[in-house]
Amino acid sequence: MRARVFSTVLAGAFALTTGAFAHDPGLSSATVTVAPAEISAVVIFNPRDFSTLPQLKEPAYDTIVPQILRVRVNGQSLPPRLESVTRDASENVIFKIRYTFSGDGALDLASGLIDQLPFGHRQFLTVLTASGQTLGTTLLSACDNQFKTAIAPAEKSAPVRGTFLDFLLLGVRHILTGYDHLLFLFGLLIVSRNARSAALLITCFTVAHSLTLALSTFNLVNLQSRFVECAIAASIVYVGIENLYHGKTLDYRWILTFLFGLVHGLGFASVLREMGVANTGLKAALPLIAFNSGVEIGQLSIALIALPLIWIARRHAGFFRVAVPACSALIALAGGYWFFERIFQS
């Protein structure tokens, strides 16, 4: 019955499909182009990213420009020059900024704003040469908000570095900083009875989110980012509540895990969409496979750490009586907080 209800809800969600993507709240992008004597940056935010900056009003967006991207060459800070602040059709806020310098050497980029944005915010940073070669890519967070590379003379441009390993590590970092995804996974594992049931849940989740990750990356399934983020939060609430009422009788949870995994895969696809991976044709297979493999490695690493601890804890009589209800209640409350935060933010 529960699976049928959720299937109906999911079908209704797909009916809301739209052809345009907004930047997902909690994920921004910065594309930095290094040319002779000049560095240009295009930084894009979802307007809801600024919800923790109540003092910031749209006409005053230029006041945060010095914090958006701090640029240093050979240890010397470069003053930013704001070219424009615009919005696209999806209401994303787009900053175009320029920096002037001379010579070559060590380039140090840092976000001075990311630790003031909502908890868990990440920014995908791409650094290019004027000819389009990739100097580096990384995922910035409040815990790791710097990127360093070298500016070489024009005739010695750095080689492209969009390797399998780059995307693999990007996937690992994405899942390890995706606190909502991790909490959902923990909610599944805390009531798993043995290695077989845990493996079934993880496999269903993996297959499902791998499917929608690929479909969303190539724009074959286009759902509004706001709906996806709210649905992910709702899945956390559901798992927490179901643990409270049916913690010992979840033989068919794998079905719901698969359905919820489809939704989480749409969230995972945000990073690859921001990079425009689908626009690279057949070359998109490499980053897609590598990124998804990184997500799985991160997910399995968490499971391998958490499961032995859970199974040791369940030997104690109070585990199902006290620990599972307490953790499940906290999971549901966290999911509820994220749900209402995402649904009511403008």
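A cavity is a set of grid points where a 1.4 Å probe fits but cannot get out. The exercises below concern a predicted model.

**Exercise 1. The second largest cavity**

Determine how many cavities of 30 Å³ or more the structure holds, and describe the lining of the second largest cavity by residue and by class.

*Solution.*
1. Searching the whole structure yields two cavities of 30 Å³ or more.
2. The volume of the second largest cavity is about 30 Å³.
3. Its lining consists of Leu 188, Tyr 238, Val 239, Glu 242, Arg 253, Leu 256, Thr 257 and Phe 260.
4. By class, this lining comprises five nonpolar residues, one polar residue and two charged residues.
5. Two helices, α6 (225-246) and α7 (253-268), each contribute at least two lining residues. The largest share, four residues, belongs to α7.

**Exercise 2. The geometry of helix α3**

Compare the expected span of helix α3 (residues 164-176) with the distance between its end C-alpha atoms, and list the buried residues of α3.

*Solution.*
1. The helix has 13 residues, and the rise is 1.5 Å a residue.
2. The expected span is 1.5 Å times one less than the number of residues, which gives 18 Å for α3.
3. In the model the end C-alpha atoms lie 19 Å apart, so the two values agree.
4. Buried means under 20% relative accessible area. In α3 the residues that meet this criterion are Phe 167, Leu 168, Leu 170, Gly 171, Val 172, His 174 and Ile 175.

**Exercise 3. The setting of Ala 326**

Establish whether Ala 326 is buried, partly exposed or exposed, and give the separation of its C-alpha atom from that of Gly 240.

*Solution.*
1. Ala 326 is located in helix α10 (residues 318-344).
2. The partly exposed class lies between the cut-offs of 20% and 50%. Ala 326 has a relative accessibility of 40% and therefore counts as partly exposed.
3. Along the chain, Ala 326 and Gly 240 are 86 residues apart, while their C-alpha atoms are separated by 9.8 Å.
4. For the protein, residues 24 or more positions apart account for 77% of the contacts with a separation of 6 or more.

**Exercise 4. Confidence in the model**

Identify where the confidence is lowest and where it is highest.

*Solution.*
1. The mean pLDDT of the protein is 79, and 81% of the residues score at least 70.
2. Confidence is lowest in helix α1 (residues 2-14), with a mean of 38, and highest in strand β3 (residues 70-73), at 91.
3. The pLDDT is below 50 over residues 1-23, a stretch with 45 contacts beyond near neighbours in sequence.
4. Residues 154-161 also stay under 50, and the model gives them 13 contacts beyond four places in sequence.

Notes
Residues numbered from 1 in each chain as written. Predicted model: local features only at pLDDT ≥ 70, side-chain atom pairs only at ≥ 80, totals over all residues. Heavy atoms only, no water. Buried < 20%, exposed > 50% of the residue type's maximum accessible area, 1.4 Å probe, protein only. pLDDT = per-residue confidence, 0-100. Contact = heavy atoms within 4.5 Å. 1 Å grid on protein atoms, 1.4 Å probe; cavity = no way out; pocket = protein on both sides within 12 Å on 5 of 7 lines; lining within 4 Å. Points joined across faces, edges and corners; volume = space filled by probe spheres on them. Nonpolar A, V, L, I, M, F, W, Y, C, P; charged D, E, K, R; others polar.
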